[in-house]
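Biologist: I'd like to learn how to read cysteines in a structure. Could you walk me through it?

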Amino acid sequence: MAGLGTWSLTRAALIILLLPRSLEECGRISHSAPLVHLGDDITISCIINKSCSPLVLKSEILWKLGNKLQPGGRQQRLPDGTQESTITLPHVNSSTLLSCYVLLDNSLQILDQVELRAGYPPSTPSNLSCLMNLTTSSLTCQWEPGPNTHLSTNFTLKSFKSRSNCETQEEAIPDCVPENGQSHCSIPRKHLQLYQVMGIWVQAENALGTSVSPQLCLDPMDVVKLEPPTLWALDPSPEVAPPQQGCLQLRWESWKPSLQYMNQKCELRYQPQLGKASWTLVGSLPSRTLQHELCGLLPSTAYALQMRCIRWPLPGYWSDWSPSLELTTPQKAPSVRLDTWWRRRQLDPRTVDVQLFWKPMPLEEDRQQIQGYLVSWRPSGQAGAVLPLCNTTELNCTFHLPSEAREVTLVAYNTAGTSHPTPVVFLESRGPPLGGLHTIPVDPHSLWVRWEPPRPQPRGYVIEWGLGTPSPSGSHKTWKMEHNGSIAGTLLQENIRPFQLYKITVTPLYQDTIGPSQHTYAYSQEMGPSQAPELHLKHIGKTWAQLEWEPQAPDLGKSPFTHYTIFWTNNQGQSFSTILNASSHGFVLHGLEPASLYHVHLMVANQAGTTNSTSLTLMTLALEVSELHIILGLFSLLLFLICFCGAALFCCRPSRKNTLWPSVPDPAHSSLGSWVPTIMAEEVVQLPSLWDPGMPPITKITVLEEEEKKPGPWESNDSSGTCDLPTLVQAYVLQGDPRAPSIQPQSQSGTSDQVLYGQVLGSPTHPRPGHYIRCDSTQPLLGGLTPSPKSYENVWFQTSPLRTPEPLVLNQEDDCVFGPLLDFPLLQGLQVHGVEGLGGF
């Protein structure tokens with residue numbers, strides 16, 4: 001690493017020694033013009049002199065536009081030994097720095113740089129106009145410079161004096177150069193000659209070119225713009241008559257008295273102070289009078305007035321509008337209709353208390369100022385005597401009158417006079433009432449009142465409304481009068497707020513009387529019920545509780561109840577609820593736990609919302625000791641039955657029988673040797689060859705005792721298919737399969753195979769061996785309660801005297817077959833009690 005560091009330092013020192021004092025002396029940038037039109041291409045070359053170090057001459061020349069390297073430089077060595085790199089920059093869109101570098105020892109060394117500027121040539125200035133300002137005594141001209149050129153552009157106002165139509169130039173006027181960024185310039189008075197024409201134009205110039213505006217030829221006095229005049233209110237004086245109703249008097253002065261010799265024409269405009277009315281322009285006013293009376297205005301209304309002037313009849317420009325002058329028109333006597341309503345209350349037999357209400361209804365669209373109201377009474381029999389009862393600025397008044405007084409007078413007044421008197425007649429209530437009164441909420445701040453007009457039709461209605469619990473004076477009520485007696489409803493919007501109960505009263509007005517008032521209560525936006533009924537516990541049990549409550553009528557003006565909801569919660573926090581109709585007044589809670597605590601509350605609902613009652617806490621009754629004993633006993637019995645049934649099912653399963661008691665062999669499903677006693681094992685006849693699995697089973701065995709001296713029934717045949725048997729002394733019957741159910745359906749005739757009956761006969765007095773009888777019969781077996789082997793194999797043979805089995809020759813015509821009883825295989829394992837003539841048994 002030390003060797004590499006030493007080599008780098010040595011190489012750097014060698015480069016420094018071989019380089020000239022400055023690389024900037026080594027190379028330069030060559031270009032035709034650093035200024036181009038915005039969007040054009042530019043080609044620039046960077047040349048390294050041959051006098052530079054060989055290291056520099058062999059280095060690559062790189063270009064940077066601003067801070068970004070620019071590829072595409074074409075580098076070549078010229079015949080004179082210099083190194084040149086040329087680059088073309090397309091679409092130059094802004095001014096920036098272009099630099100060329102050489103790469104020495106992995107670092108860029110700058111050779112030269114140049115500033116590239118791009119823009120547009122100046123466009124032609126337009127809209128050149130000039131004004132002669134008499135205040136500054138200078139000619140001010142202004143113009144529009146045109147679009148931005150992106151280059152530094154200089155504007156110059158040029159002018160000259162001329163005696164003709166600016167075709168010849170007599171004397172040049174010094175150029176007027178505006179301040180930077182401005183597009184106007186003023187030529188001072190010393191360079192002007194009044195009443196002599198002059199030519200004026202604007203020249204714009206930048207690095208890409210020059211443009212000139214069209215020439216303007218004018219006389220400075222033809223472009224004079226006067227200063228606005230000053231407006232004043234005309235002071236009252238004996239020489240000037242006072243203004244009429246709806247009129248204003250004003251005067252004005254020129255901005256400079258020395259210019260009063262100049263003929264002028266002025267315009268006046270006015271606008272009401274309040275509202276958003278537009279300006280109204282008054283025609284030309286003569287400037288010689290310097291005063292004017294403006295009429296046709298609203299009384300008691302403030303107006304703003306402005307004026308402007310122009311030379312007349314010579315050409316010139318209008319001055320600016322003068323500052324506003326604010327004046328108010330004189331007052332006018334009130335011209336209103338006063339709608340009145342009253343309430344009377346008898347204080348004593350000779351005095352009544354009267355509460356009078358009124359509303360001013362302007363008859364003209366003007367701003368009349370009413371300063372107060374006067375209520376007076378003219379006693380009967382006293383000509384010319386008028387007693388004032390009330391003088392107030394309010395819209396109501398309370399006073400006392402004699403009981404016989406039937407009329408008072410109301411007027412409105414201001415400084416200009418009084419209105420026409422309005423008589424107030426206290427009428428008796430003898431007219432027909434309304435047919436019905438209803439209200440409909442429109443929105444939270446309005447109510448629609450609807451009624452059924454009576455017959456005959458009234459001349460109008462008075463509608464009053466206020467809070468449901470007004471003050472005794474009734475001063476907080478709002479009212480209005482409808483003069484159209486044919487209407488059947490009106491909209492109330494004044495002083496209507498949501499969630500407030502209003503009492504609405506409607507009174508019909510007739511020509512000489514009034515009808516009785518009717519009222520109703522309503523909400524513009526109602527709330528839920530104010531309160532819910534209180535729950536009471538009527539009865540309670542161990543698992544139920546009966547609740548009741550007293551139904552309440554809906555609040556005034558509110559919709560009726562829609563339903564009730566009962567909620568109850570146990571100690572574990574589980575909640576239950578049920579919904580009841582609005583006609584309910586009780587409910588029974590079922591399914592409660594004994595000796596448990598419950599919290600119950602009732603919720604009542606209407607169309608606007610719901611309200612909860614206070615919570616009721618109740619405890620169900622606990623179970624008694626006897627009930628507990630009964631429940632425990634029933635539970636124990638049920639448990640015993642379940643255990644017993646389970647044990648029975650367990651023991652009756654075939655897989656569990658052999659473990660509990662010995663297995664009794666089934667003759668039909670066991671070998672014959674298993675039924676032969678041990679002492680007779682040598683007498684067992686083995687007949688394996690006679691075993692025929694296909695032989696049908698024998699399902700009945702009958703052992704009979706034969707009476708003495710009677711021939712055996714086996715010696716006779718019966719072709720009917722049955723055997724005539726002797727009288728039965730003792731019978732043993734086995735039927736069916738012991739594994740089958742005890743109750744078996746009775747087989748239908750003709751539906752099963754032939755069933756064989758085996759009968760074994762024996763006689764107690766006959767020494768011969770018994771015989772067995774095989775009956776081939778289609779008769780079904782009789783059902784019995786004693787179980788029988790389902791099936792077993794029957795062996796047909798006869799025994800010889802030497803006790804050797806011999807085949808029995810069967811008669812195909814007989815249905816019964818006889819054979820020795822001792823040769824019957826099944827009976828070799830049986831002992832028949834009471835029968836001694838059965839051979840070896």
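Biologist: Let's start with Cys645. Why is the sulfur of Cys645 not in a bond with the closest cysteine sulfur?

Modeller: The general idea comes first: a disulfide is a covalent bond between the sulfur atoms of two cysteines. To call one here, the two sulfur atoms have to be within 2.5 Å. This is a predicted model, and in it the closest cysteine sulfur to that of Cys645 belongs to Cys643, 9.5 Å away, so that's too far for a bond. Cys643 is in no disulfide either.

Biologist: Is Cys645 buried, partly exposed or exposed, and what is its relative accessible area?

Modeller: Cys645 is partly exposed, with a relative accessible area of 45%.

Biologist: OK, how many disulfides does the cut-off give?

Modeller: The count comes to eight disulfides. Let's take some of them in turn. One is the pair of Cys26 and Cys52, with 1.7 Å between their sulfur atoms. Cys26 sits in the loop between helix H1 (2-18) and strand S1 (27-30), while Cys52 sits in the loop between strand S3 (42-48) and helix H2 (54-57), so the link ties together parts 26 residues apart in sequence.

Biologist: Are Cys26 and Cys52 buried or exposed?

Modeller: The cut-off for buried is under 20% relative accessible area. Cys26 has 1%, so call it buried. Cys52 has 6% and is buried too.

Biologist: Strand S3 came up just now. Which cysteine does Cys46 form a disulfide with?

Modeller: Cys46 pairs with Cys100, their sulfur atoms 2.3 Å apart. Cys46 is in strand S3 and Cys100 is in strand S8 (residues 96-104), so this disulfide joins parts that lie 54 residues apart in sequence. Cys46 is buried at 0% relative accessible area, and Cys100 is buried, also with 0%.

Biologist: And how do I read the handedness of a disulfide?

Modeller: Look at the torsion about the S-S bond. For Cys46 and Cys100 that is 45°, and the link is right-handed. Now try Cys166 and Cys217, whose sulfur atoms are 1.9 Å apart. Their torsion is about 85°, so this disulfide is right-handed.

Biologist: Where do Cys166 and Cys217 lie?

Modeller: Cys166 is in the loop between strand S12 (154-161) and strand S13 (171-176), and Cys217 is in strand S17 (residues 216-218), so the pair connects parts 51 residues apart in sequence. Cys166 is buried, with 8% relative accessible area, whereas Cys217 is partly exposed at 35%.

Notes: Residues are numbered from 1 along each chain as its sequence is written. This is a predicted model: local features need pLDDT of at least 70, side-chain atom pairs count only at pLDDT 80 or more; totals for chains, interfaces and linings use all residues. Side-chain values use heavy atoms; hydrogens and water are left out. Helices (H or I, at least four residues) and strands (E, at least two) are DSSP runs, numbered from the N terminus. Buried means under 20% relative accessible area, exposed over 50%, partly exposed in between (1.4 Å probe, protein chains only).
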